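Here is a short briefing on the model shown below. It goes from one side chain to whole interfaces.

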Amino acid sequence: MAGPATTHAPETPSQTGIGERLFLPSVVKGLLSTLRHMMFGESFTVEYPEESVYAVNKFPNDENRRFRGEHILVKDDQGREKCVACMLCSAACPAVCITIVPEEVDWEDRDRRPKVFEIDMLRCIYCGFCEEACPCDAIRLTPAFYQVSRTREEKVYDKEKLLNDDPDDPRGKYQSPIHPGK
Amino acid sequence: MSRELSPEAQKEFDWLVTRYPQREAAMLPTLRLIEREFGCIDPEGMKLCAQLIGCSPAKVFGVVTFYTHYKRETDGENVVYVCGTLPCALRGSDALADYLCDRVGIGLGETTEDRKITIKKVECLALCDQAPVCQVEDVDWLRVSKEKADEMLESLGIPKRETAGAAAGGEEKRS
Amino acid sequence: MSAPAKTVETVKIKVNGKELDAPKDQPVLQTCLDNGIYIPHYCYHPALSISGNCRMCLCTASNAPKAVISCATFPAEGAEYTTESEEVKKLREIILEFLLINHPLDCPVCDQAGECDLQEFSFRFGKDDSRFEEEKNYRHTKKLGTNVRLYGNRCIVCTRCVRFCEEIAGDAELCVRERGDSNIIDTFPGIPLENPISGCVADICPVGALFVDDFVHKTRVFFLESTTSVCNMCATGCSINVDTWQGEVQRLRPRHNPDVNDYWMCDRGRVGYKYSGAAERLSRYEVGPARAGSSAGDGKAKAGPTDPPRSTRAPSDFGKALAAVSDRAERVRREHGPGAFAFVASAWMSVEEMFLFRRLATTLAGAVPGEAGPATGILAVADGEAWTPRVGGAFKIDSDRNPNRKGAEMLLLGSFISEPFSVLLDRLESGAIKFAWVVGGIPDFSPMDRFRDALGAISNVVVTDILPGPLSERATILLPAASFVEKDGVFVNGRGWAQRCRAALPPPGETRTELDLFQELLRRAGERERVLSAQGVYAELAAEVGAFADTSYKTLGALGARVTDDEPAEREPTGREAAKR
Amino acid sequence: MSAISKPSDTLAFEPVLTRYIGKKDSHTLDFYLSHGGYDAAKRVVRDYKPDEVIDAVKKSGLRGRGGAGFPCGLKWSFVPKKTDKPKYLVCNADESEPGTFKDRVINEEDPHQLLEGILITCWAVGIETAYIYIRGEMWRGAQRLKAAIDEAYAKGYLGKKIFGKKFNLDVTVHRGAGAYICGEETGMLSSLEGGRGYPKLKPPFPAVEGLFRCPTVVNNVETLANLPHIFNRGIEWYRSIGTEESPGPKLFCVSGHVNKPGVYERPLGIPLRELIYDVCGGIPGDRGIRAVIPGGSSAPFLGPDELDTPMSYEGLKDAGSMLGSAGVIVLDDTTDLLSALLNVGKFYHHESCGQCTPCREGCGWVEKILQRMHDGRGRSEDIDLVDEICNQMVGKTICVLSDALAMPAQSVLKKFRPELEKLIAQGRPDVLCELAREPSPAL
């Protein structure tokens with residue numbers, strides 16, 4: 001309720017002087033700040049598409065994990081997908097864009113993996129529920145956001161594409177913390 | 001190949017089943033009979049038992065694996081049971097078991113390569129006043145010291161310490 | 001449903017302060033479940049003997065100093081049982097903590113996840129953490145038989161499966177081996193679990209230890225949509241659930257029906273849905289020209305499948321195909337009279353379809369007083385082997401492999417089919433038949449050679465079928481049909497028990513169900529105003545056929561009802577009752 | 001051969017059950033008959049009506065010697081009088097409680113005493129079939145019993161028309177095969193029926209529905225061996241031995257760290273201290289006592305300050321322990337209690353039948369924690385954790401095997417907590433912590 005910290009107090013008569021009531025000094029002050037950033041500050045924008053977003057390191061720590069871009073499927077230390085095809089991601093997906101077909105494998109630590117793992121990037125809304133639902137930390141959203149393709153089919157990412165671990169790839173490089181071999 | 005009991009054993013079995021109102025109750029004695037006849041209880045023996053008793057082999061399998069005192073297929077000719085329960089442990093049965101294993105050259109629960117001896121640690125043999133106790137087939141070895149353990153091993157064909165330190169020597173002597 | 005009215009001796013007990021009439025020889029657990037008081041349990045199964053080993057159903061009783069397991073507690077007059085209290089809550093937490101210490105956390109790969117009692121109870125009654133930090137025990141994973149797979153690590157040794165094999169299936173192929181916490185389910189070396197209802201062990205397994213091989217790693221149960229239906233693989237007509245996902249049947253599961261199948265179904269029935277998803281399913285209407293060269297009279301001269309009309313059939317659609325059927329029937333009737341028609345029904349049709357087919361036959365063929373009517377017959381597959389579980393109960397595997405022979409007898413015999421099949425064959429071969437309509441719908445059906453050859457020589461052969469085969473090859477007009485997972489209808493099992501089959505999926509491609517097909521033809525012939533649903537047709541049928549009178553889809557409900565009184569309705573004792581004797 | 005010591009000078013007690021033991025050929029029928037054998041049975045069968053026998057046993061106050069101490073006569077009277085089912089007697093000779101070896105002595109040295117007791121019981125309850133369930137490991141006992149039964153058949157003491165009365169009795173020796181749980185009465189019945197030795201749900205109790213679903217009396221060997229003496233010397237005499245609530249002589253099995261371990265027959269109620277120091281000659285090397293288990297390994301431990309507890313059912317119950325099978329295990333002050341407890345834990349983990357969840361999982365869990373503590377990876381919370389797990393195991397299972405681990409474990413945790421805490425704090429326990437470094441029969 002109306003605590004001492006309330007900022008809205010419209011009834012209170014303004015106690016400001018003429019200078020403030022004109023707003024001009026404030027406007028100038030603001031413009032100066034903008035000017036300062038424009039002239040001397042670091043630029044956070046990228047001249048896309050001429051400039052590659054990924055080549056320019058604009059993000060502190062090289063990782064803006066909050067940004068939810070395209071997915072990768074994470075590999076384990078033996079280079080196999082961590083995914084066990086539990087399908088919780090596809091159950092959680094509000095856009096119904098994940099298709100999984102499980103298959104049986106003869107591995108010591110697990111006996112199941114996805115035979116088919118497809119994400120329809122055109123339907124995906126990048127909500128990140130799949131990442132949250134995953135019990136195995138097998139699917140992640142990377143900061144990669146290129147959405148360019150010549151056909152619609154290309155935007156249906158299959159397992160091979162999702163398992164990308166090319167360190168030069170904008171998505172693939174997010175395998176590396178998990179996959180020291182690369 | 002299906003197994004059969006010898007005529008004498010068959011006779012004993014026929015007598016056994018008359019002692020119980022239900023055939024299945026003769027299961028444990030029948031297994032003893034098979035153990036005696038064939039030296040151990042292996043899957044063939046269990047099948048035979050199932051056939052004699054008239055129950056499923058799986059049931060016999062469950063029963064055999066429940067009890068520890070039947071000789072399994074994997075056991076050697078002589079099974080040395082070393083009691084490991086508290087009264088014996090208080091008098092050094094752990095050390096005794098280690099000593100025996102060391103002498104024979106196998107681990108606990110293992111069988112020598114020539115399938116002569118198996119050493120198993122078992123629970124109480126009800127001879128706590130004579131601790132530590134071993135049982136080899138139908139012989140109870142009481143108050144087993146290292147010397148007595150040597151004596152026991154000698155009866156199983158493992159010569160005393162002076163002649164051989166390892167099991168291999170014992171086997172050679174026996175053959 | 002209408003269980004034989006036996007006076008049940010009851011005693012008055014109180015559960016959580018609520019007064020209940022408890023049958024004397026029924027455990028408190030079952031009484032509570034029947035009265036909507038849920039008590040979690042694993043080892044207890046109403047059809048099996050009481051083992052009392054899981055300890056999950058512990059509750060407190062006013063007449064016992066210690067907590068009692070409600071599955072093995074029989075009600076005492078005036079006793080008060082408590083299933084909802086802090087103490088009981090604590091007991092359940094304890095048991096769940098114990099159960100989970102050696103249970104792996106592999107819900108993501110476990111196919112039971114979503115319908116697992118351990119998962120569910122842990123969520124509802126368990127603690128959110130475990131204090132167990134030691135190493136878990138390892139137990140084997142293996143195939144117990146052709147159909148059943150065991151994941152030993154997940155087993156909680158409730159022994160339901162062992163008791164099932166001993167008390168219901170009778171072969172006792174399973175046992176618990178070893179003891180203590182190395183206890184594990186196993187078969188005797190070299191004697192796998194191979195009884196005809198072995199798949200049921202997976203149904204009664206409360207955790208993900210036993211699976212029917214067919215369902216392993218297929219999908220997740222929480223995606224499945226269940227439709228109550230009836231199995232089509234034999235005249236037992238087990239009540240089932242058809243579980244579908246993404247337009248495909250994923251599995252069939254038995255549904256408890258005390259009068260038909262108890263809790264069980266056979267392994268053959270369990271995979272009896274496979275053909276419905278086969279790639280080669282017929283899904284296109286095809287119309288070919290009438291077969292020439294078989295002019296009246298000398299039909300016998302040429303025999304054999306001279307020209308497989310498949311090549312001559314052209315793709316068509318529902319409307320055109322139906323128009324072709326009525327046109328040709330009309331022509332044959334005008335030229336040759338009703339005696340030139342043959343109608344062959346199938347024991348795999350629902351009663352509604354039979355009812356409509358019967359009417360359609362009279363409509364298409366017409367009737368001329370004094371003249372011979374159409375030739376009629378019914379297709380059915382040969383008997384298989386019957387099988388009865390060791391302990392009675394309602395369940396058995398019928399030797400009759402046709403799901404609705406009883407229904408056919410009730411609806412078609414006498415009124416529609418009055419001649420033996422050999423007469424039909426003779427008439428088909430005589431050359432007098434110019435228009436034959438054969439309803440198939442039977443997977444793996446191989447008709448007798450005479451029948452097949454005779455069809456190949458008839459000028460107009462309409463075939464309704466689901467899979468390509470000897471019948472569809474000889475059709476001049478091919479009408480694809482719906483399989484049992486795609487249609488609504490009532491099937492009457494061998495003991496005269498009528499049950500509803502429900503469509504779980506749409507028929508493939510452009511296929512319309514026979515129900516639509518027959519009604520549409522009748523409508524075109526002016527015999528019927530509207531195309532009704534199966535329920536509507538059944539209502540017509542019930543009004544017309546005595547045995548079905550007073551029944552409706554509503555009264556049939558989920559479990560069905562008896563429509564004949566050929567056989568006495570008494571139930572054989574189920575597992576526990578019989579085990580007690 | 002078990003060493004049966006002569007009665008100690010400190011207590012002039014004439015043994016009853018064990019009086020012939022150690023004598024030559026004491027196991028033969030000839031010896032037994034020449035010492036007044038089967039007189040009691042003869043008299044009972046000829047002169048007593050079954051109900052009178054039960055009454056007499058009730059009056060004598062004989063309590064079951066197997067562990068629970070249930071009044072014997074009362075147990076018999078639960079068996080329905082009128083039933084069309086056959087009745088059975090199962091003699092529990094599956095003596096498998098660690099620290100107990102009293103029945104072995106009777107089976108091996110005086111089997112006819114047991115058979116006479118069986119005769120009296122069967123006459124009293126109207127039983128025509130009796131089984132002696134003996135441990136698989138006791139091959140000699142089984143042999144001697146079989147021989148004794150053959151002798152008795154030959155003499156007409158077993159079989160048809162015994163002592164000229166309408167009384168038939170068949171006795172069969174049934175050998176077990178190594179499962180502690182078969183000493184539990186319903187586990188024994190399951191085993192005798194040819195199955196896994198799973199204890200059965202109670203109720204129904206064996207007296208109503210036991211072996212083969214028929215009324216069954218299950219009695220311990222020592223209990224049955226008491227019977228002939230009650231009828232030979234009378235109820236008055238019997239009640240004059242022992243205490244009011246626990247009359248009669250009792251076989252005490254003493255093992256562990258004492259100078260003269262063995263089976264000793266003493267009246268119930270003898271103080272523990274007397275048993276250890278006067279009867280068994282004290283502790284080797286005059287060391288002190290760390291703990292005593294008074295009734296087999298399933299009984300809670302007693303501390304050195306509790307040595308004056310009378311060894312009777314009620315006396316030990318008051319002391320928070322139990323007489324059980326009277327298997328006294330003495331642990332001297334060099335003993336590492338954690339190792340001892342781990343040994344007990346291993347035993348129960350190994351012997352749990354695996355039927356009920358709390359026991360199957362709990363015993364293994366407790367053992368794993370104790371092992372961890374023993375290996376020096378314990379934490380201070382572990383003591384409370386084990387205590388809590390034990391709490392969770394008590395009273396939730398079909399039989400009492402889980403209680404049999406929980407109770408001694410809890411007693412150790414409670415009574416010796418500072419010591420355990422010290423061990424845990426030390427991390428890797430020192431060498432003393434092994435129970436014994438050498439096989440040391442003599443000590």
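The side chain of Glu486(C) comes within 2.8 Å of the backbone nitrogen of Ser483(C). The model is a predicted one. From that residue the briefing moves to chain B, then to two interfaces of chain B, and then to a domain pair in chain D.

**Glu486(C) and its surroundings**

- Glu486(C) sits in a loop of chain C, with strand E20 (477–480) on one side and strand E21 (489–492) on the other.
- Is Glu486(C) buried or exposed? Its relative accessibility is 5%, so Glu486(C) counts as buried.
- The cut-off that matters here is 20%: buried means under 20% relative accessible area.
- Besides the backbone nitrogen of Ser483(C), the side chain of Glu486(C) has a side-chain partner, Arg281(C), in a polar contact of 2.8 Å.
- Arg281(C) also appears among the residues that Glu486(C) touches when residues up to four places away in sequence are left out.
- That list also includes three prolines, Pro506(C), Pro507(C) and Pro508(C).
- Ser276(C), Ala503(C), Leu505(C) and Thr513(C) are on it too.

**Chain B on its own**

- Chain B has eight helices and four strands.
- Their order along the sequence is α-α-α-α-β-α-α-β-β-β-α-α.
- The C-alpha trace of chain B spans about 55 × 35 × 25 Å along its principal axes.
- Chain B has 175 residues, and 61% of them count as buried.
- Among contacts in chain B with a separation of 6 or more, 59% come from residues 24 or more positions apart.

**Chain D against chain B**

- Chain D brings 71 residues to this contact, and chain B brings 48 residues.
- The two chains bury about 4600 Å² between them, with 57% of that area from carbon and sulfur atoms.
- How many salt bridges are counted between chain D and chain B? The count is one.
- Arg104(D) and Asp140(B) form a salt bridge, with their closest N and O atoms 3.9 Å apart.
- Polar contacts between chain D and chain B number 23 residue pairs, both residues being at pLDDT 80 or more.
- Several elements of chain D each supply at least two residues to the side that touches chain B, among them helix H7 (139–155), helix H8 (185–192) and helix H13 (337–351).
- Strands also contribute to that side of chain D, including E2 (129–134), E3 (170–175) and E5 (249–256).
- H13(D) gives the most to this side, with seven residues.
- By class, the side of chain D that touches chain B has 37 nonpolar, 21 polar and 13 charged residues.

**Chain C against chain B**

- Here 14 residues of chain C meet 14 residues of chain B.
- The buried area is about 1100 Å², 70% of it on carbon and sulfur atoms.
- Which residues of chain C lose the most area to chain B? They are Glu178(C), Arg179(C) and Phe188(C), together 51% of what that side buries.
- The rule finds zero salt bridges across this interface.
- It does find three residue pairs in polar contact, both residues at pLDDT 80 or more.
- Strand E8 (174–177) and strand E9 (184–187) of chain C each give at least two residues to the side that touches chain B.
- E8(C) supplies the largest share of that side, four residues.
- That side of chain C divides into seven nonpolar, one polar and six charged residues.

**Domains 1 and 2 of chain D**

- Chain D is assigned domain 1 (29–239), domain 2 (249–332) and domain 3 (337–435).
- The C-alpha centres of domain 1 and domain 2 of chain D are 27 Å apart.
- Domain 1 of chain D puts 18 residues into their contact, and domain 2 puts in 20 residues.
- The area buried between these two domains is about 1400 Å², with carbon and sulfur atoms giving 60%.
- Two salt bridges are counted between domain 1 and domain 2 of chain D.
- Arg63(D) pairs with Glu314(D) in a salt bridge, the closest N and O atoms lying 4.0 Å apart.
- The two domains also share eight residue pairs in polar contact, both residues at pLDDT 80 or more.
- Helix H5 (102–109) and helix H9 (221–233) of chain D each supply at least two residues to the domain 1 side.
- H5(D) gives the most to that side, three residues.
- The domain 1 side holds six nonpolar, seven polar and five charged residues.

Notes. Residues are numbered from 1 along each chain as its sequence is written. Chains are lettered from A and ligands numbered from 1 in the order in which they are written. Side-chain values use heavy atoms; hydrogens and water are left out. Contact means heavy atoms within 4.5 Å. Buried area is the accessible area (1.4 Å probe) that two parts lose on being put together, summed over both. A salt bridge is a side-chain nitrogen of Lys or Arg within 4 Å of a carboxyl oxygen of Asp or Glu. A polar contact is a pair of N or O atoms within 3.5 Å; within protein, one must be able to donate a hydrogen and the other to accept it, and residues adjacent in sequence count only if both atoms are side-chain atoms. Ala, Val, Leu, Ile, Met, Phe, Trp, Tyr, Cys and Pro count as nonpolar, Asp, Glu, Lys and Arg as charged, and the others, Gly among them, as polar. Domain bounds come from an automatic or database domain assignment. Buried means under 20% relative accessible area, exposed over 50%, partly exposed in between (1.4 Å probe, protein chains only).
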